[in-house]
Amino acid sequence: GFGKSVGLMQMAELGCLETPLALTNTFSVGAIATAQIRAAVSAHPEVGREWSTVNPLVLECNDGYLNDIQALAVTEKHYIEACASASREFMQGSVGAGRGMSCFHLKGGIGSASRIAECGGQAFTVGALVLSNFGKADRIGAEAAVLAAAPEKGSIIMLLATDAPLDVLQLGRLARRAGNGLARTGSLFGHGSGDVAIAFSSSQHLPQLAESAVPLLHAPDGW
């Protein structure tokens, strides 16, 4: 599939995140990317001058099913408010970027799940957060026959986070397996669908300055 996200090329090339991951609707990607750049420059005036530029990372789904997307209602202030209110406890369902999403012709939105994985005597967390905007109601409702005949054009953003010290190849394997979970719901990859999965590890923070040392991580035995 495809999407209108910003920042995926550099992230895939360099294997690191330089901003928070932001979720929004298709027409608001530019506004949120600008907000991320302004936030980075405000915190570090060297960005784009003494330092290199920053790579904003914004992912999207089309919420035109319920939202007047032409209104461009999402602005920089919404990104700032979202960052300021970020917490371990967060709302799910029809909130934030999920407000206008649909799923299997029902209400979609934000969902999450997590598991504890053990390896080498250590416990690690694997968390998933999705922006769900996909699927046909081919098994439910009186409109099943009509909807089943329509092509799949939905989208979903799947974010996988872990504190396990995975390298970029292992994270790629983890991201690809998100498609298995999507398939188990009964969804298909359709022409026009934007199905994006990103996996990242919080086990290591990289310095902005190349001369700053990065401590090596030691994986547990049997990893």
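This text walks through four paired strands and two pockets of a predicted model.

Start with strand β7, residues 155-162. Seven of its eight residues are buried, which here means under 20% relative accessible area. β7 has a pairing partner in β6 and another in β8, and the two pairings run in opposite senses. With β6, residues 122-133, the pairing is antiparallel and counts eight bridges. With β8, residues 194-201, it is parallel, again over eight bridges.

Individual bridges help to fix the register. Between β6 and β7, Leu131 is matched with Ile157. Ser132 is matched with Ile156 in β7. On the β8 side, Leu160 has Ala199 as its bridge partner. In a regular strand, side chains alternate between the two faces of the sheet.

Now step from β6 to β5. Strand β5 covers residues 109-119 and pairs with β6 in the antiparallel sense. Eleven bridges join them. One of these links Ile110 to Leu131 in β6. Leu131 also bridges to Ile157 in β7, so follow this residue to cross from β5 through β6 to β7. The hairpin of β5 and β6 has two residues between the strands. There, Gly120 takes a positive phi near 60 degrees.

Next, look at the open space. Rolling a probe the size of a water molecule over the atoms shows where empty space is left. The largest pocket holds about 1900 Å³. It is lined by 49 residues, and the closest to its centre are Leu21, Leu23, Ala86, Phe90 and Leu129. Strands β5, β6 and β7 each supply at least two lining residues, as do β1 (22-25) and helix α3 (76-84). Which element gives the largest share of this lining? That is α3, with five residues. By class, the lining has 27 nonpolar, 15 polar and seven charged residues.

The second largest pocket has about 1200 Å³ of space. Its lining counts 36 residues. Nearest its centre lie Gly15, Cys16, Leu17, Gln204 and Leu206. Strand β8 returns here: along with α1 (8-14) and α5 (168-176), it supplies at least two residues of the lining. The classes are 23 nonpolar, eleven polar and two charged.

Put the two parts together. β7 pairs with β8. β7 contributes to the lining of the largest pocket, and β8 contributes to that of the second largest.

Technical notes
Residues numbered from 1 in each chain as written. Predicted model: local features only at pLDDT ≥ 70, side-chain atom pairs only at ≥ 80, totals over all residues. Heavy atoms only, no water. Buried < 20%, exposed > 50% of the residue type's maximum accessible area, 1.4 Å probe, protein only. Helix = DSSP H or I, 4+ residues; strand = E, 2+ residues; numbered from the N terminus. 1 Å grid on protein atoms, 1.4 Å probe; cavity = no way out; pocket = protein on both sides within 12 Å on 5 of 7 lines; lining within 4 Å. Points joined across faces, edges and corners; volume = space filled by probe spheres on them. Nonpolar A, V, L, I, M, F, W, Y, C, P; charged D, E, K, R; others polar.
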